[in-house]
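Biologist: Got a minute to walk me through this one? Please keep it brisk.

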Amino acid sequence: MRYYARYENGVLYSVGIGLDGMEITKEEYENLSNEIREKATFVNQLYYGEITIGNVPSEWQDEIQRRVDERVAAEGEASEQDIPAEEALAIILGGEI
């Protein structure tokens with residue numbers, strides 16, 4: 001099995017199994033996958049107020065705070081959009097307008 005990591009501008013973009021990206025070892029793949037899950041957990045916990053930024057490892061604090069800020073901004077933009085009642089119902093029911 002071939003494991004890969006793909007970086008863009010020095011930032012990890014994706015990890016996976018297959019022919020994409022730079023080949024890495026299974027151990028590197030598992031370590032990166034665990035780090036991704038751990039960071040996602042921190043983002044969720046910080047977003048919901050379960051932890052403070054001080055509970056996040058210092059080397060991850062800027063990234064985690066930026067991701068929470070992006071989430072808040074995206075949700076604010078979404079809540080500002082007016083959707084007609086018919087369209088909202090169609091979205092909820094999975095049908096067409």
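Modeller: Sure. Start at Val68: leaving out residues up to four places away in sequence, Val68 touches Val43, Leu46 and Tyr47. Keep in mind that this is a predicted model.

Biologist: Where does Val68 sit in the fold?

Modeller: Val68 is in helix α2, residues 61-79.

Biologist: Is Val68 buried or exposed?

Modeller: Buried. Val68 has 7% relative accessibility, and the cut-off for buried is under 20%.

Biologist: How far is Val68 from Ala40?

Modeller: They are 10.0 Å apart, C-alpha to C-alpha, with their positions 28 residues apart in sequence.

Biologist: Back to Tyr47. What lies over its face?

Modeller: Arg71 does, at 4.0 Å from the ring centre.

Biologist: And how many aromatic pairs does the structure hold?

Modeller: Three. One of them is Phe42 with Trp60, edge-to-face, at 6.0 Å centre to centre and 70° between the planes.

Biologist: Which parts does that pair tie together?

Modeller: Phe42 lies in helix α1 and Trp60 in the loop between α1 and α2, so the pair links parts 18 residues apart in sequence. Phe42 is buried at 11% relative accessible area. Trp60 is buried too, at 12% relative accessibility.

Biologist: What about the rings of Tyr47 and Tyr48?

Modeller: Their centres are 4.9 Å apart and their planes stand at 85°, so that pair is edge-to-face. Tyr47 is partly exposed, with 25% relative accessible area. Tyr48 counts as exposed, at 54%.

Biologist: Where is Asn44, and what is its relative accessibility?

Modeller: Asn44 is in helix α1, residues 26-47. Its relative accessibility is 35%, so Asn44 counts as partly exposed. From Asn44 to Ile64 is 9.5 Å, C-alpha to C-alpha, and the two are 20 residues apart in sequence.

Biologist: New topic. What pattern does the chain follow along the sequence?

Modeller: β-β-β-α-α-α. That is three helices and three strands.

Biologist: How do β1 and β2 pair?

Modeller: Antiparallel, over six bridges; β1 covers residues 3-8 and β2 residues 11-17. Ala5 stands opposite Val15 in β2. The hairpin has two residues between the strands, and Asn9 takes a positive phi near 55° there.

Biologist: Last one. What share of the chain is buried?

Modeller: 21% of the 97 residues. The chain exposes about 7,400 Å², with carbon and sulfur atoms supplying 50% of that.

Conventions. Residues numbered from 1 in each chain as written. Predicted model: local features only at pLDDT ≥ 70, side-chain atom pairs only at ≥ 80, totals over all residues. Heavy atoms only, no water. Pairing = 2+ DSSP bridges. Helix = DSSP H or I, 4+ residues; strand = E, 2+ residues; numbered from the N terminus. Buried < 20%, exposed > 50% of the residue type's maximum accessible area, 1.4 Å probe, protein only. Areas by Shrake-Rupley, 256 points an atom, 1.4 Å probe, with all protein chains shown as cover. Contact = heavy atoms within 4.5 Å. Phe/Tyr/Trp six-rings, centres within 6.5 Å; stacked < 30°, edge-to-face > 60°. Lys NZ or Arg CZ within 6 Å of the ring centre and 35° of its normal.
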